[in-house]
Amino acid sequence: MSNLIKRDLLLSFYSSANFFFTVSFFILILMLIPFAFGTQTEQLKVLFRGVVWIALALSIIITVDRIYNADYEDGNLDIIMQKNKTIEYLIISKYITHWFIYCLPLLVILPVLSFLFYLDYLETVQIFINLFIGSFGMVFIANFVSALTLGARRTIFLKAIIMIPLFVPFIIFGSDAGSWPILLALSMLSFVISIYVTAYGLRLYGE
Amino acid sequence: MYIKIKNNHIEFIKSANPYLIFATIFAFVIGLYYSLFQSPPDYIQGDSMRIMYIHVPSAWFALMTYSILAGSCVLWFITRNPLFNVVARSIAQVGMVFTLMSLITGSIWGKPTWGVWWVWDARLTSMLILFFLYIAYIFLWQAISNKELASKISAALAIIGFINIPIIKFSVDWWNTLHQPASISKLSTPSIDTSMLIPLFIMTIACFLFLVTVSLIRFRLVLIENKMLRTSN
């Protein structure tokens, strides 16, 4: 499992700085708020809480093609699945690497951004906790959608249509300040569903 | 993946088709006559509540169709009988039409009653999500070229999407929504007058006939389309 994590992290690190683009995408979407809604401080503070979730959802959606597709197309997935009888190790390592590569950079940059949007220390911590917990659940959902749609190539819109309804509960509860227990429950629920469905999808395509 | 179905069963479905179409049209005509002319207008909403006669049955059947879809996907996984898969696939488009119908009619009713075409409350939003679940189910199947694989994948998605159905059903009880709670489900004492219940009942039957008719046509088409018929006499 640690080998798989190391391999994926190294691959993403050397492949034209993928995480750099995701962070840039995240910042640019948030940068659109002042252009779209004007620069009143109070309004920006309110909008930031919600749009940060939309930006996170979009960043995860554009990365959904990169979770299993490269391994599936060059045949690595078959080899890994033949070597490891318990496919769940592969899935959990994919969760961890996907979160590390595409969500952790966003969370690192988040305090800087919320400072730019005039939020104070306490509010930043609240948003950070919510995003930290919610991003795990969204990563779990993105993983199983990626595993299920391995056969449907270049259908990012279809994947978005599948994923956005499943993101809705996270966005509803995520924009409330003190609702991290609900987000935790949602993330754990989506973990339980996701690990079964991902394994099911991978086994179907692996056959 | 073949279905063993007797040739005369398919012939029976085929020959029942015109009768079912006729019965559907007949039921819609009777139901529309009752709902437009034979029932009194509401004492507050006036004539605009007549949309309810098509809105409520289509919303019911949108939920029921998704339940059948998810249920037959589950049964397909358990029994491995491809018939359930064909049932799920033949019913999906009708369910999408019912969902769209209930959204559009609700919107038309909302304009004179609530003053707006759309509100972002729990019932309406979860219904919109149901529409996209149908779309995801249908188009995911089309996107994957290996059709047996596609059926399995989209069935898994349909089962996951079933989470939404209880949310739609109980959204009016759990959250304080603008959409009114159910008035028919209280079976002993429905909070709706008999003169309004009769056209609603006829329209429900008409919608059910529509569901059956279109699903049976789709059922036959899905079988032919995928060359899944191995007919025997």
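## Basis of the description

Helices, as named here, are DSSP runs of H or I with at least four residues, numbered from the N terminus. By that definition Phe77(B) belongs to helix α2 of chain B. The model described is a predicted one.

Confidence is reported here for chain A, whose average pLDDT is 87. In that chain, 99% of the residues score at least 70. Taken by element, helix α7 (residues 121–148) of chain A has the highest mean pLDDT, at 92, and helix α1 (residues 2–14) of chain A has the lowest, at 81. Where pLDDT is low, predicted coordinates should not be read in detail.

## Chain A

Chain A contains nine helices and zero strands, and its elements follow one another from the N terminus as α-α-α-α-α-α-α-α-α. Its radius of gyration is 17 Å, close to the 17 Å given by the globule rule for 207 residues, so chain A is as compact as a globular protein of that length. The C-alpha trace of chain A extends about 55 × 35 × 30 Å along its principal axes.

Of the 207 residues in chain A, 35% are buried. Among the contacts of chain A with a sequence separation of 6 or more, 80% are made by residues 24 or more positions apart.

## Chain B: overall architecture

Chain B has seven helices and zero strands, arranged along the sequence in the pattern α-α-α-α-α-α-α. It comprises 233 residues, of which 33% are buried. When contacts in chain B between residues at least 6 apart in sequence are considered, 79% of them link residues at least 24 apart.

## Helix α2 of chain B and its end

Helix α2 of chain B covers residues 52–79. Its 28 residues, at 1.5 Å a residue, should span 40 Å, and the C-alpha atoms at its ends are 39 Å apart; the expected and modelled spans therefore agree. Arg80(B), just after α2(B), adopts a positive phi of about 60°.

Within this helix lies Phe77(B). The residue has 15 other C-beta atoms within 10 Å and is therefore partly exposed, given that a buried residue needs 20 or more and an exposed one has 12 or fewer. In sequence, Phe77(B) is 79 residues from Ala156(B), yet their C-alpha atoms are 9.0 Å apart in space.

## Ser107 in helix α3 of chain B

Ser107(B) is placed in helix α3 of chain B, which runs over residues 82–114. Ser107(B) counts as partly exposed because it has 15 C-beta neighbours inside 10 Å. Once residues up to four places away in sequence are set aside, Ser107(B) touches Trp117(B) and Trp118(B). Between Ser107(B) and Gly46(B) there is a sequence separation of 61 residues and a C-alpha to C-alpha distance of 17 Å.

## The interface between the chains

At the interface, 17 residues of chain B are in contact with 15 residues of chain A. On the side of chain B that touches chain A, helices α4 (122–143) and α5 (147–161) of chain B each provide at least two residues. The most is given by α4(B), which contributes eight residues to this side. By residue class, this side of chain B consists of 14 nonpolar residues, two polar residues and one charged residue.

Key. Residues are numbered from 1 along each chain as its sequence is written. Chains are lettered from A and ligands numbered from 1 in the order in which they are written. This is a predicted model: local features need pLDDT of at least 70, side-chain atom pairs count only at pLDDT 80 or more; totals for chains, interfaces and linings use all residues. The expected span of a helix is 1.5 Å times one less than its number of residues. Two residues are in contact if their C-beta atoms, placed from the backbone, lie within 7 Å. Ala, Val, Leu, Ile, Met, Phe, Trp, Tyr, Cys and Pro count as nonpolar, Asp, Glu, Lys and Arg as charged, and the others, Gly among them, as polar. pLDDT is the predictor's confidence in each residue, from 0 to 100. The radius of gyration is taken over C-alpha atoms; the globule rule is 2.2 Å times the number of residues to the power 0.38.
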